[in-house]
Amino acid sequence: MAPLALAALLAGCVAGPDYHVPERAAVNAPGAQGKFDAAKGGGVFADAPLPDHWWRLYRDATLDALVAEALAANTDLRAADANLRAATAVVDQALAGRTVQTSVDAGVALARPYGTELPTTGETTYSATIGGALPLDLAGRIRRAIEASRADAEAVAAVRDQVRVTVAATATRAYLAACAANLRIAAAQRVIHIQRQTYDATRRLEKGGRGTAFDTTRARAAVEQSEALVPPLLAARQAALYQLATLAGKPPADYPRAVEGCAALPAIAGPLPVGDGAALLRRRPDVRAAERRLAAATARIGVATASFYPQVSFGGSIGYTGPLKGLGEHEDFNFSLGPLLSWSFPNRRIVRAQIAQAGAAADGALATFDGTVLGALRDVETALAAYARGRDQVAALRRARDSAATATAQADKLFRFGRGDFLNLLSAQATLANAEASLAAAQAGVADTQAQLFLALGGGWQADETSAEATPKP
């Protein structure tokens, strides 16, 4: 009776520690909860919450359609959804472990004496038994296993959400890259137009005897050098268009033709809503996934600890056993009902080693969780600083471009009236070309950094209420 008494004492107990986020975890640090350091002052950022679908801040219907298409058909998302379904099935399997387990046994046997010279036909017997057992899970092994599988499924769901974040941000960045390439191409074309005018003027001057072939050659070289900047930009635009196609689950050749002619770089009016650290850590799917893996690892300590205790189930069976000639007679009927105790008196050293392994895994999961939290905060702070300084760079380059344009106009006027040197004109035009290219590149960089900031903020995984998409729940 001692084992039964021990089992009774275990009733209502669950082996292993109950999970909670450790107080020492990085997510609880005061510095992780407040305003972002790089977002203070300047009027560039706002404390307002990040919208679920941040790309709509651009107010660009084409971008909205591209992101929606990518979220509906992306191959990585399809794989992530399949992984979530598999994890959900594992939860169902764990839940089934606490239900009645049934068994059916049946057989027929012929028994005949061996080693006798007497003729005998032997005796045919049969057996048929139906049994069932309900695990009582007094030590909580099954409950901890269910807890672990649920946490694993929630982690997989968070990974799926992270894929949605990445797909939305990548589609936005590809669209912005295509528009930015057109912006840079337009800037190069403006410079080429000015340089062509100079080249045409030097040709006329050479024909009229007021210029030299050397001036004409240098003017043509300037045009050709600027023209050489365009093909790489066309290739970059095409790469962005191909990426948009594959993000939407299409062959690259089926890229969106409408984006090819994007004439303006989309921008967001007003300060960017970035929220604070607390909102970030609640929203970032990778942080949620790391926390759920920590919960699963903690639950597995309980699974290992439960091996110290007996496994008790309440079971019974009913059946017939006897000679085949008396099939179904009541004398052949048998049944049993009562608790079933299974305890193999485990090697305690092995169990303690398993518990130590589970504890070490939980410590590793906590370290990963802390690292993910710190990495998320660093990503946002870095993106905030890069975006703010990028805006400053664009402002400075715009002033430099305007000054270079003025200097080029002045040098051209002096040259046409014979009061300036042709080399000065070419130098002024080269400075303008560099300023135009640098400004366009900086504007493209700011647009990309803006999308990177939204990616770091972790928004965009939420299902759109206006769509038929539904987020599977484990």
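These are legends for a set of close-up views of a predicted model.

**View 1. The whole chain, before we zoom in.** The predicted model has 11 helices and 6 strands. Of its 474 residues, 40% count as buried. The protein exposes about 25200 Å², with carbon and sulfur atoms supplying 57% of that area. Take the contacts between residues at least 6 apart in sequence: 82% of them join residues at least 24 apart.

**View 2. The largest nonpolar core.** This core counts 71 residues, and Phe-36, Phe-45, Val-274, Phe-369, Leu-453 and Leu-457 touch the most other members. Plenty of helices chip in: α2 (61–73), α3 (75–96), α4 (141–207), α6 (230–247), α8 (277–283), α9 (285–305), α10 (348–416) and α11 (422–457) each supply at least two residues. The largest share, 15 residues, comes from α10. As a general matter, nonpolar side chains in soluble globular proteins tend to be buried together.

**View 3. Val-274 and its contacts.** Here we centre on Val-274, one of the core residues that touch the most other members. Leaving out neighbours within four places in sequence, Val-274 is in contact with Phe-36, Ala-39, Phe-45, Ala-46 and Ala-48. Further along the chain, the contacts of Val-274 are Arg-283, Leu-384, Leu-453 and Leu-457.

**View 4. A second core, off on its own.** Separate from the core in the earlier views, this one has 14 residues. Among them are Ala-219, Val-230, Leu-233 and Leu-425.

**View 5. The largest pocket.** About 310 Å³ of space lies in this pocket. The lining is made of 14 residues, and those nearest the centre are Ala-267, Tyr-387, Val-394, Gln-443 and Val-446. Helices α10 and α11 each supply at least two lining residues, and α10 has the largest share, with 5. Sorted by class, the lining has 10 nonpolar, 2 polar and 2 charged residues.

**View 6. Glu-436, a buried acid in α11.** Glu-436 is found in helix α11. With a relative accessible area of 8%, Glu-436 counts as buried, because the cut-off is under 20%. Not counting neighbours within four places in sequence, Glu-436 is in contact with Ala-187, Arg-190, Val-191 and Arg-401. So the picture to keep here is a buried glutamate with two arginines, Arg-190 and Arg-401, among its contacts.

**View 7. Asp-215 in α5.** Asp-215 sits in helix α5 (residues 213–227). Its relative accessible area is 14%, so Asp-215 is buried too. Beyond neighbours within four places in sequence, Asp-215 is in contact with Thr-202 and Phe-422.

**View 8. Glu-260 in the short run of α7.** Glu-260 is found in helix α7, which covers residues 257–260. At 25% relative accessibility, Glu-260 counts as partly exposed. Skipping residues up to four places away in sequence, Glu-260 touches Asn-182, Arg-237, Gln-238, Leu-241 and Tyr-255. Ala-178 is also worth showing: Glu-260 and Ala-178 are 82 residues apart in sequence, yet 7.1 Å apart in space, C-alpha to C-alpha.

**View 9. Arg-59, out in a loop with a positive phi.** Arg-59 lies in the loop between β1 (45–46) and α2. Its phi is near 55°, a positive value in a residue other than glycine. Most residues other than glycine have a negative phi. Arg-59 is exposed, since its relative accessible area is 77% and the cut-off is over 50%.

**View 10. Gly-140, at the loop before α4.** Gly-140 lies in the loop between β3 (123–135) and α4. Gly-140 is buried, with a relative accessible area of 0%. Apart from residues up to four places away in sequence, Gly-140 touches Cys-13 and Val-14. Ala-306 is 166 residues from Gly-140 in sequence, while the two C-alpha atoms are 6.7 Å apart in space.

**View 11. Ser-313 in β5.** Ser-313 lies in strand β5 (residues 311–323). At 14% relative accessibility, this serine counts as buried. Ser-313 and Ala-133 are 180 residues apart in sequence, but 6.0 Å apart in space from C-alpha to C-alpha. Ala-133 falls within the span of β3 (123–135).

Note on methods
Residues numbered from 1 in each chain as written. Predicted model: local features only at pLDDT ≥ 70, side-chain atom pairs only at ≥ 80, totals over all residues. Heavy atoms only, no water. Helix = DSSP H or I, 4+ residues; strand = E, 2+ residues; numbered from the N terminus. Buried < 20%, exposed > 50% of the residue type's maximum accessible area, 1.4 Å probe, protein only. Contact = heavy atoms within 4.5 Å. Areas by Shrake-Rupley, 256 points an atom, 1.4 Å probe, with all protein chains shown as cover. Core = buried A, V, L, I, M, F, W, Y, C linked by side-chain atoms within 4.5 Å. 1 Å grid on protein atoms, 1.4 Å probe; cavity = no way out; pocket = protein on both sides within 12 Å on 5 of 7 lines; lining within 4 Å. Points joined across faces, edges and corners; volume = space filled by probe spheres on them. Nonpolar A, V, L, I, M, F, W, Y, C, P; charged D, E, K, R; others polar.
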